[in-house]
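These are my notebook entries on one protein model. I recorded what I looked up, entry by entry.

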Amino acid sequence: MTNILSEVHSKEYHMKKSEYNFCIFAPLKNINMTTKAEAFNEIVNERRSVRNYDENHSYDKSIVERSLQRAILSPNSSNMQLWEFYRVISEEKKTKVAHFCLDQIPAKTAHELVVFVARPDKYKQSIKFNLDLINSDDSFEKESRRKKRRDYYKNKMPLFYTFDFLFVLSTIKKLFVTLVGLTKPTVHEVTSINKKVTIHKSIALAAQTFMLSVKAEGYDTCPLEGFDSKRIKKLLDLPRKAEINMVIAAGKGADDGVWYPRKRYGYNEVVKEL
Ligand SMILES: Cc1cc2nc3c(=O)[nH]c(=O)nc-3n(C[C@H](O)[C@H](O)[C@H](O)COP(=O)(O)O)c2cc1C
């Protein structure tokens with residue numbers, strides 16, 4: 001399978017115009033796959049960033065609810081779940097958020113906008129959530145693992161997520177891991193900037209689960225990072241420490257919703273086998 005995939009991906013693949021409106025990615029067309037893999041392949045390949053929505057098409061809001069339920073199952077760093085998802089459904093609020101998304105057409109024409117938000121300020125609540133889970137009767141963890149994980153949430157997580165106003169703690173932590181790293185493999189990403197990256201990585205995974213799910217439900221999305229985060233935060237009544245990760249436009253794509261052919265680097269250009 002890997003060889004066939006390498007072969008079909010070896011050329012840079014450029015979709016033909018006739019193919020790119022909600023179509024199947026040609027290189028994987030003739031490969032035998034299980035039904036599940038085929039269905040997944042179709043969803044991945046059919047998802048495009050759709051930039052114009054058919055506002056007259058019927059729209060079932062439960063699709064977004066189901067897709068967010070699935071997004072919540074996404075892998076996330078240490079199960080801290082420092083995320084929130086704001087569904088902007090009312091016309092009035094949607095118009096405002098679309099304006100704060102720099103009046104981009106996908107935001108203006110979407111049936112709904114979902115704002116993916118990072119909540120680093122909620123780390124204590126997440127630590128408690130995980131400790132409660134470890135201590136709960138439902139847990140089937142071995143006692144030795146339970147102990148290790150309890151220590152992890154009680155000691156490591158507060159140290160990683162605590163606020164570090166002047167970067168003092170980050171500098172001390174960085175020096176410490178650099179020294180430790182001289183003699184053994186060590187995690188070097190311990191500063192408050194790394195903390196932001198960690199949280200946003202997890203939210204991006206949730207965003208991808210969400211977009212694939214919406215596609216699987218027969219609808220479309222467009223992720224947006226062109227927005228005024230300050231204005232959106234104010235509208236959503238978010239605290240200063242909250243951060244906007246992405247705004248995702250969702251709805252039924254119009255016939256002219258895909259604006260560009262999809263072109264990617266070839267497999268051999270970006271995949272390195274060791
Ligand atoms: C983090 C992120 C931010 C993006 N921001 C915007 C945006 O503000 N406006 C826009 O039209 N597209 C935006 N996109 C969509 C990308 O341009 C698009 O995913 C890329 O060109 C590949 O096309 P495809 O999604 O159709 O495969 C964004 C995508 C990502 C992942």
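**Entry 1: the ligand shell**

I sorted the shell around the ligand by class and obtained five nonpolar, three polar and four charged residues. The model is a predicted one, and I read each entry below with that in mind. Which residues surround the ligand? I listed Arg48, Ser49, Arg51, Gln104, Pro106, Cys222, Pro223, Leu224, Glu225, Gly226, Met246 and Arg262. I then looked up which element gives the largest share of this shell, and I found that β3 does, with three residues.

**Entry 2: overall content**

I looked up the secondary structure of the protein and noted 11 helices and four strands. The protein has 274 residues, of which 26% count as buried. I also looked at contacts in the protein with a separation of 6 or more, and 78% of them are between residues 24 or more positions apart.

**Entry 3: the sheet**

In what order do the strands of the sheet lie? I read the order as β1-β2-β4-β3, in an open sheet of four strands with antiparallel pairing. The edges are held by β1, residues 83-88, and β3, residues 220-224; each has a single partner strand, so one side of each is without a neighbour in the sheet. Ignoring direction, I noted an average turn of 20 degrees between neighbouring strands.

I then followed β1 to its partner. The strands β1 and β2 run antiparallel and are joined by six bridges, with β2 covering residues 112-118. As one bridge to record, I noted that Glu84 is partnered by Val117 in β2.

I also looked for a helix lying across the sheet. Helix α9, residues 192-216, lies across β1, β2, β3 and β4. Its direction is at about 5 degrees to β4, which spans residues 243-251.

**Entry 4: a residue in β2**

I chose Val115, which is found in strand β2. Is Val115 buried or exposed? I counted 25 other C-beta atoms within 10 Å, and the cut-off for a buried residue is 20 or more, so Val115 is buried. Setting aside neighbours within four places in sequence, I found Val115 in contact with Tyr86, Val88, Ile232, Leu236, Ile244 and Val247. I also looked up Ala207, which is 92 residues from Val115 along the chain; their C-alpha atoms are separated by 9.8 Å.

**Entry 5: α6 and α7**

Two packed helices are described by the angle between their axes and the distance between the axes. For α6 (residues 123-135) and α7 (residues 143-161), I noted an angle of about 180 degrees and axes 10 Å apart. This makes α6 roughly antiparallel to α7. From α6, the residues in the contact are Tyr123, Ile127, Asn130, Leu131 and Ile134. From α7, they meet Arg146, Arg149, Arg150, Tyr153, Met157, Pro158 and Tyr161. By class, I recorded eight nonpolar, one polar and three charged residues in this contact.

**Entry 6: α2 and α9**

At what angle do the axes of α2 and α9 cross? I read roughly 105 degrees, with the axes coming within 9 Å; α2 covers residues 35-46. This makes α2 roughly perpendicular to α9. In this contact, Ile43, Val44 and Glu46 of α2 meet Leu212, Lys215 and Ala216 of α9. I sorted these residues as four nonpolar, no polar and two charged.

Definitions and conventions: Residues numbered from 1 in each chain as written. Predicted model: local features only at pLDDT ≥ 70, side-chain atom pairs only at ≥ 80, totals over all residues. Pairing = 2+ DSSP bridges. Helix = DSSP H or I, 4+ residues; strand = E, 2+ residues; numbered from the N terminus. Axes fitted to C-alpha atoms, helices over the stretch in contact; angles between N-to-C directions. Contact = placed C-beta atoms within 7 Å. Near = placed C-beta within 6 Å. Nonpolar A, V, L, I, M, F, W, Y, C, P; charged D, E, K, R; others polar. Parallel < 35°, antiparallel > 145°, perpendicular 65-115°, else oblique. Buried ≥ 20, exposed ≤ 12 C-beta atoms within 10 Å, placed from the backbone.
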